[in-house]
Amino acid sequence: MATEGNKNPMRDIKVDKMILNCCVGESGDRLTRAARVLEQLTGQQPCYSKARYTLRTFGIRRNEKIAVHVTVRGEKALEILERGLKVKEYELLDRNFSETGNFGFGINEHIDLGIKYDPTTGIYGMDFFVCLTRPGARVARRKVRQSTVGYNHKITKEDAIKWFQDRFEGIVLMKAA
């Protein structure tokens, strides 16, 4: 993007991180199998998420492990994102994009990502959430001389949609068909 002479390299948008979440809704064997699927996909050890409160209708108790998630950064994140978007046929809804320039989507079957089906593991769906950033966003998070990111430097919903359309030649639909 910034290869042209008049483009500002600080305005380039890149993927900061991508979070993969697989919520099983119960602890035990199904959760460990879902963790194995995420580890197979990313090559990283996933973290377990606990239920915030008891819901008797769903049969979950407070502090019971019910989901696994993993945060992926760098080239690996782009590669997995590409595979996830291929499953969605590069089509996202307008409401998939947040006002702060992040976007997310879900898939129903992990085997669509190219992982071989294993009958002992089963099939799991998962959520992809992508956080976009620009160079210089660290000023808001650093310890010394912390500052705010200027309004013009923040990523908007329109910026994220334009980045998605340029980078992946994706289609953004206004409503679900």
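Buried means under 20% relative accessible area, exposed means over 50% and partly exposed lies in between, using a 1.4 Å probe and the protein chains only. The model is predicted, so local features need pLDDT of at least 70 and side-chain atom pairs count only at pLDDT 80 or more, while totals for chains, interfaces and linings use all residues. Residues are numbered from 1 along each chain as its sequence is written, and side-chain values use heavy atoms, with hydrogens and water left out.

**Figure A. Overview of the fold, with three helices and seven strands.** Helices (H or I, at least four residues) and strands (E, at least two) are DSSP runs, numbered from the N terminus. Read from the N terminus, the order of elements is β-α-β-β-α-β-β-β-α-β. Along the principal axes, the C-alpha atoms occupy a box of roughly 55 × 40 × 30 Å. Of the 177 residues in the protein, 37% are buried. Taking contacts (heavy atoms within 4.5 Å) between residues at least 6 apart in sequence, 62% link residues at least 24 apart. The exposed area of the protein is about 11,300 Å² (Shrake-Rupley method, 1.4 Å probe; for residues, only the protein chains shown count as cover), and carbon and sulfur atoms supply 48% of this area. There are 31 positive and 22 negative side chains, with the centres of the two sets 9 Å apart. In this count Lys and Arg are positive, Asp and Glu are negative, and His and the chain ends are not counted; each charge is placed at NZ of Lys, CZ of Arg, CG of Asp or CD of Glu.

**Figure B. Surroundings of Thr133 in strand S6.** Strand S6 spans residues 126–133, and Thr133 is part of it. Thr133 counts as buried because its relative accessibility is 9%. Leaving aside residues up to four places away in sequence, Thr133 is in contact with Asp12, Ile13, Lys14, Asp16 and Ile155. One of these partners, Ile155, is 22 residues from Thr133 in sequence, and the C-alpha atoms of the two residues are 7.0 Å apart.

**Figure C. Cysteines Cys22 and Cys131, neither in a disulfide.** With a disulfide taken as a pair of cysteine sulfur atoms within 2.5 Å, the count for this model is zero. For Cys22, the nearest cysteine sulfur belongs to Cys23, at 7.8 Å. Cys22 has a relative accessible area of 2% and is therefore buried. For Cys131, the nearest cysteine sulfur is that of Cys47, 15 Å away. Cys131 is also buried, at a relative accessible area of 13%.

**Figure D. Salt bridges Arg30–Glu26 and Asp29–Arg33.** Side chains of opposite charge can pair when their charged atoms come close. A salt bridge here is a side-chain nitrogen of Lys or Arg within 4 Å of a carboxyl oxygen of Asp or Glu, and the structure has seven of them. In the pair of Arg30 and Glu26, the closest N and O atoms are 3.7 Å apart. Arg30 is partly exposed, with 34% relative accessibility, and Glu26 is partly exposed at 36% relative accessible area. In the pair of Asp29 and Arg33, the closest N and O atoms are separated by 2.6 Å. Asp29 and Arg33 both belong to helix H1 (residues 29–42), where four residues apart means about one helical turn between them. Arg33 is buried, at 18% relative accessibility.

**Figure E. Salt bridge between Lys157 and Asp94.** The closest N and O atoms of this pair are 3.4 Å apart. Lys157 belongs to helix H3 (residues 157–168), whereas Asp94 sits in the loop between strand S4 (91–93) and strand S5 (103–107), so the bridge ties together parts that are 63 residues apart in sequence. Lys157 counts as buried, at 13% relative accessibility.

**Figure F. Positive phi at Glu89 and at Arg145.** Most residues other than glycine have a negative phi. Which sign does phi of Glu89 have? The value is positive, near 60 degrees, and Glu89 is not a glycine. Glu89 is placed in the loop between helix H2 (74–87) and S4, and is exposed, with 58% relative accessibility. Arg145, likewise not a glycine, has a positive phi of about 55 degrees. Arg145 is found in the loop between S6 and H3. The relative accessible area of Arg145 is 70%, so Arg145 is exposed.
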